[in-house]
Amino acid sequence: MSTLQQCYSRLLIDNHITDEKPEYMSRFSPEEYVRMVRLSGVESSMVYACDHNGNCYYPTKVGHFHGGLQGRDAFGEVVALLRQAGITPLAYYTVTYHNDCARRFPQARIVDNAGVDHDGRYHFTCPNHPEAEAFYKAQIREILQYPVEGLFLDMTFWPSVCCCPACQKAFGEPFPETMDWSDPHWVRFQRFRERSMAEFGRRLTEYAKSLKPGLSVVHQFSPVLHGWYLGQSSGIAEASDYASGDFYGSKLQQRFATKVFDAYTRVPPFEFMTSRCVDLHDHTTGKSEEELFLSALTTLANGGAYCFIDAINPDGSLVESFYSRLGRINERLAPFRRAVEGLQGRIAASVGIYFSMASCVDRRINGKAFWGYDGGRANNMESRRNAVLEECLGSAEVLNRLHAPWKVLTDRSQDFSGLACIILPQAAYLSPEEGERIRAFVAQGGTLIATGAASLYDTQGNSSGNFALADLFGVDYTGKDSDQITYTGKELVLAEGRAPLVTARPETEIRSFLTFPDFPAFDPVHYASIHSNPPASQPSPYPAVTLHPYGKGRVLWMAAPIAMKRFPTQQDFLKRVYGEFLPEYLVDSRNLPESVEITRLERGKESLLCLVNQQDEFPVIPLGPVKVSLRCPQKPRTVTRISDGASLPVQWEAGILQLSLDALPYGEFFHIQPEEEQP
C-alpha cells in the first residue's frame, strides 16, 4: 500500500445521507463499496466517518450513530477492506457544519450579525467556543483508532460573520458598526476572524498528530478563492500537510486554483477534487468522460493529485457504470500519472501572478451597516466576486492565450528566483515583508506589472495615504478614486471598477491617461447615452498606464482593472501590454490554438512539458499536426513522449527545441532529460 504522498489518483464518495427514513443506508455493503473503489482504479480513497448532519458511520460513544446502519461499523469495515485491497484509506470528518454538535451545544452555535444561528439545513458551531472544539476532538480520537493514513477536515471556514459571546470575548474590543475596508477597526476584525479560524485548524491538526504521529492532516482549502466572507487565510494552508479542496467552476478556475494550491501546499502533491456531477447540488447529471479525463489531466499537468467525487445513493448503493467509466479514465491517465509521480516536480515558470489572499475584499460594501448584513448567506461553492480574484483570472487567461507558462505567488512565497516578471493585481493589503521582497525583485532586474491600489494598506488596514511601493511605481496616490467606469488609452478600453487617481513622478513615463464619462456612471438623470456611459471627448489629466525604472528593473503600473472584463477587446489590449514585458518562451507554433495550456514541471534539471487541449465545448476538436518551438537553453539528451513512451529525435539548435505531433486530441506530456553534466 502506497503512502498518501505517492497517490496521484484518489476518490471521495460523498455521504451526507440522513436517517430520516429506515431504508436510508439499508443497502450499504462495505464489500460492494470497496469493489466499486477497486473497479475505479484509484490508489487512495477517502471514507466518511461523520457527515454534515453529524451522523457517524462508526459506533460513536459521544455523537450520533447513523440509524440506517443498524449497528454495523461501516467506516471500520470499509477502511479494513481498502487496506486489504492495497488502497490507501483516509478519513473524512466535518467541523463547523456539524448539525449534531450544534444541537447538543446550542450555546456554541455561530450567531451572525443578523441574529441567525443556522441556514436552512445547515447548523453551525463557532470555532472560538471550547465545548464545540472538545466535542470535535473527542470524535477525532474515536476515528483515529482506525488504521487510516490521513484525516480530511472539511468546512474549516466561517459560514457567516459570527457575533456570539465567545467571539466577542476573543476579539477583545467592540465589533465595528460599519463595514469599511479603509478603516483599520474593520480590517482588524476581519484579521481576527481569519486568525481565529487558522488557530482552530492548527489546534485540531496538532491534536490529531499527537494521537497518530505521521498522520497526514488536511483542511478544506477551496475558500482560498472565495473572498473575505468565509474568513480563511494562508494559516489554513499552514495547518495542512497539503492543499486540498473541491471546485465546481470553469477550466480557467481550475487552471488558476491548481497553481494556487501548488503555491500553498507544504507537502506535494496538492489535491484537486473534481465531481462526477455538474455541481454539488446535482445527484445524477454526470459529466462526460472527456470532461473528467481533461480535468484530471489538467491537475496532473500542474503537478497535483486528482480526486474524483461521487455521491452515494440514499439507500447506500453506488452506480457501477460510473466506476467502470472511472476505471477506463484512470487507465487512460496511467502513463501521465506515472510520469508525474516519477518526477514529483513542481510548477516552473518565468512569470508569476501574485495572489494576495488578504486583499480579496469587497469595497462595494464600504459604508454599509455591519449589523444585519448577511453577505447573501455564504456558500462555499460560489466564487465570491472580488477585484483580486477577477483580475488574477483575467491575467491568467491572457497568459494562457500567449502560451506563457506561469505560476502563482502568495504571501508565503519567499523565493522569486527564476522569475523574470511578476504580475501584481489589486494587491491593496501587503505586509512590509511582502513589499520588501517585491522591491528586491525589481531592484535586481525583475519586471513588475502592478494594478490599481496595490500596497495602499498593510495587512492590518493601516496606510500612510500613499502606496507603500510608490517608489517602485513612480506614481503617488492623490487620495481620490475614479467613478465606476473608466477608459484607458487611445483604444478607449473599458474597465468597470474604481481606479486610483495618481500623479506621476518626473522620471516616470506616462503611456496613456484615463478617460471618464461626461457624467457619473449610472446617474438616473444626467447621462450622454441612456444605455451606456460613453467616454468624454478628451482624456483626464490622470495617468492610466505608466512605466518607471527602479534599480536594474522596471515597473509597469495600470490604474484601471482592465483584466476583470475578459472580453476580446480587454484581453487583446493586455496581450499587447503584457507581451512587451514577458520573457519569450514559445518562439513559434503551428495548429496550437489559445485553448491549449502549456505548463512545465521541474525537479532538478529534469522536466515535464505538458500540453492540455481543454476546450470550452465538447466533444473536443482534435488538433494536428502540431508543431512547437520553445526556448530550451540546454540541449536535451532525450525527449520522451509520455502517452506511448516513444523516444523522439532531439530537434534542438541554438537554444530552441522543436517538438512535433501528428495529432493532439486531448493532451500530451514530454519528459525532457538534460545532457549529462560534463566533469
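**Entry 1: strand 28 and its partners**

I began with the short strand 14, residues 346–347, which pairs with strand 28 in the antiparallel sense over two bridges. I looked for the residue facing isoleucine 347 and found leucine 601 of strand 28 opposite. The model is a predicted one, and I read every value here with that in mind.

Next I followed strand 28 to strand 29, residues 606–613. The pairing is antiparallel again, now over eight bridges. Leucine 601 turned up once more: leucine 608 of strand 29 stands opposite. So I have leucine 601 set against isoleucine 347 and against leucine 608.

I then checked the link between strands 28 and 29. They form a hairpin, with two residues between them. Glycine 604 sits in the turn and has a positive phi of about 65°.

Is strand 28 enclosed or open? I counted burial over residues 596–603, taking under 20% relative accessible area as buried. Six of the eight residues are buried, so strand 28 is largely enclosed by the rest of the structure.

**Entry 2: a four-strand sheet**

I traced an open sheet with the strand order 27-30-34-33. Its pairing is antiparallel. Strand 27 (586–590) and strand 33 (651–653) each have a single partner strand, so each edge strand has one side without a neighbour in the sheet. I also looked up the twist: neighbouring strands are turned by 15° against each other on average, direction ignored.

I zoomed in on one pair. Strand 27 meets strand 30, residues 626–631, in the antiparallel sense over four bridges. Which residue of strand 30 is the bridge partner of leucine 586? I found leucine 630.

I kept one general point for reading such pairs: in a regular strand the side chains alternate between the two faces of the sheet.

**Entry 3: the whole chain**

I stepped back to the full protein chain. I noted 14 helices and 35 strands. The radius of gyration is 26 Å, close to the 26 Å from the globule rule for 679 residues, so the chain is as compact as a globular protein of that length. The C-alpha trace spans about 75 × 70 × 55 Å along its principal axes.

Burial came next: 60% of the 679 residues count as buried. The exposed area is about 25,900 Å², with 49% supplied by carbon and sulfur atoms. Among contacts with a separation of 6 or more, 77% join residues 24 or more positions apart.

**Entry 4: confidence**

I checked pLDDT last. The protein chain averages 95, and 98% of the residues score at least 70. I flagged residues 378–383, where pLDDT is below 50. That stretch still has 20 contacts in the model beyond near neighbours in sequence.

Terms used. Residues numbered from 1 in each chain as written. Predicted model: local features only at pLDDT ≥ 70, side-chain atom pairs only at ≥ 80, totals over all residues. Heavy atoms only, no water. Pairing = 2+ DSSP bridges. Axes fitted to C-alpha atoms, helices over the stretch in contact; angles between N-to-C directions. pLDDT = per-residue confidence, 0-100. Contact = heavy atoms within 4.5 Å. Rg over C-alpha atoms; globule rule 2.2 N^0.38 Å. Buried < 20%, exposed > 50% of the residue type's maximum accessible area, 1.4 Å probe, protein only. Areas by Shrake-Rupley, 256 points an atom, 1.4 Å probe, with all protein chains shown as cover.
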